[in-house]
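Me: I am new to this structure and would like a close look at a single part of it. Could you take me through that part slowly, and then show me what lies around it?

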Amino acid sequence: MDKEDYIIKLEQHDTKDIVDNHTNGSLTVIWRDYDEFLEHHPKMVYVSSVKSGEIKGPHIHTKRNSYFSCIQGSVIFIIKNTDGTYTEVESNSENGVMVFVPKNFPSAHINISDGISRVLALADISWKSNDNEMKNTNFDDYDWKKWEIK
């Protein structure tokens with residue numbers, strides 16, 4: 001897959017104050033039931049946190065397709081392609097990027113922020129504690145040091 005196949009650019013809107021109409025924030029659309037940009041509609045939504053400089057994964061979800069959007073901080077998603085190369089996608093609270101990780105694609109993410117990052121996840125299959133659909137793996141040939149927090 002190409003890098004563009006993993007990235008979903010989210011719809012973002014400014015929000016306005018009801019008194020004087022100044023911009024008071026923003027709204028980012030993650031998913032609506034009529035949106036067609038998610039091939040696999042979610043059956044589970046959760047928030048995962050990762051400490052500064054820490055890595056979650058790498059692992060493989062063998063049954064579920066997942067979509068991730070960082071809602072606090074900044075993370076890099078690393079996805080291992082079928083040809084052994086890696087695709088890196090940054091998602092943060094400002095860039096409006098959701099990352100698609102298809103089932104059976106090894107992936108990890110690393111927090112490149114100084115504080116805790118939070119990632120909103122949408123999965124097309126609900127997690128059950130006994131389903132054993134997640135398999136740990138390793139990215140022995142990946143350069144993790146380039147993301148070290150200084």
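Which order do the strands take in the open sheet of 5 strands that has strand 1 in it, and what is their pairing? Please start there, then go on to the rest.

Reply: Happy to help. Please keep in mind that this is a predicted model.

Let us begin with your sheet. Its order is 1-9-6-11-4, and the pairing is antiparallel. Strand 1 (7-9) and strand 4 are found at the edges; each has a single partner strand, so one side of each has no neighbour in the sheet. On average, neighbouring strands here are turned by 30° against each other, with direction ignored. For a closer view of one edge, look at strand 1 beside strand 9 (residues 97-101): the two run antiparallel and are joined by 3 bridges. Within that pair, you will find Lys9 opposite Val97 of strand 9.

Another open sheet is built from 5 strands in the order 8-7-10-5-12, again with antiparallel pairing. Strand 8 and strand 12 are the edge strands here, and each pairs on one side only. In this sheet the average turn between neighbouring strands is 30°, direction ignored.

Strand 10 (residues 107-111) is a good place to pause. Of its 5 residues, 5 are buried, so the strand is largely enclosed by the rest of the structure. For a residue to count as buried, its relative accessible area must be under 20%. Ser107, His109 and Asn111 point one way from strand 10, while Ala108 and Ile110 point the other way, and all of them are buried.

Strand 10 has strand 7 (residues 74-80) as a partner, in an antiparallel pairing with 5 bridges. There, Phe77 is placed opposite His109 of strand 10. Strand 5 also pairs with strand 10, in the antiparallel sense and over 3 bridges. In that pairing Ile55 is opposite Ile110 of strand 10. Moving along the sheet, strand 5 (residues 55-61) pairs with strand 12 too, over 3 bridges and in the antiparallel sense. His61 has Met134, in strand 12, as its bridge partner.

Strand 5 leads us to an empty space inside the model. The search gives 1 cavity of 30 Å³ or more, and the largest cavity holds about 50 Å³ of space. Its lining is made up of His59, Ile60, His61, Arg64, Ser66, Phe68, Val101, Pro102, Lys103, Asn104, Phe105 and Ser107. Two or more lining residues come from each of strand 5 and strand 6 (66-72). Strand 5 gives the most, with 3 residues. Sorted by class, the lining has 5 nonpolar, 5 polar and 2 charged residues. You may recognise some names: Ser107 belongs to the lining and is also one of the buried residues of strand 10, while His61 is in the lining and has a bridge partner in strand 12.

Now for the charged side chains. Side chains of opposite charge can pair when their charged atoms come close. Across the whole structure there are 3 salt bridges. One of them is between Arg32 and Glu11, whose closest N and O atoms are 2.9 Å apart. Arg32 lies in the loop between strand 3 (23-29) and strand 4 (44-50), and Glu11 in strand 2 (residues 11-16), so this pair ties together parts 21 residues apart in sequence. Arg32 is partly exposed, at 24% relative accessible area, and Glu11 is partly exposed as well, at 34%.

Arg32 also has a salt bridge with Asp35, with an N to O distance of 3.1 Å. Asp35 is buried, at 7% relative accessibility. Together, Glu11, Arg32 and Asp35 are linked in a network of salt bridges.

Elsewhere, Lys146 and Glu88 meet through their side chains in a salt bridge of 2.6 Å, N to O. Lys146 is in the segment after strand 12 (134-136) and Glu88 is in strand 8 (residues 86-92), so the pair ties together parts that are 58 residues apart in sequence. Lys146 is partly exposed at 43% relative accessibility, and Glu88 is partly exposed at 24%. This brings us back to strand 8, which is an edge strand of the sheet that holds strand 10.

Technical notes:
Residues numbered from 1 in each chain as written. Predicted model: local features only at pLDDT ≥ 70, side-chain atom pairs only at ≥ 80, totals over all residues. Heavy atoms only, no water. Salt bridge = Lys/Arg side-chain N within 4 Å of Asp/Glu carboxyl O. Helix = DSSP H or I, 4+ residues; strand = E, 2+ residues; numbered from the N terminus. Buried < 20%, exposed > 50% of the residue type's maximum accessible area, 1.4 Å probe, protein only. Pairing = 2+ DSSP bridges. Axes fitted to C-alpha atoms, helices over the stretch in contact; angles between N-to-C directions. 1 Å grid on protein atoms, 1.4 Å probe; cavity = no way out; pocket = protein on both sides within 12 Å on 5 of 7 lines; lining within 4 Å. Points joined across faces, edges and corners; volume = space filled by probe spheres on them. Nonpolar A, V, L, I, M, F, W, Y, C, P; charged D, E, K, R; others polar.
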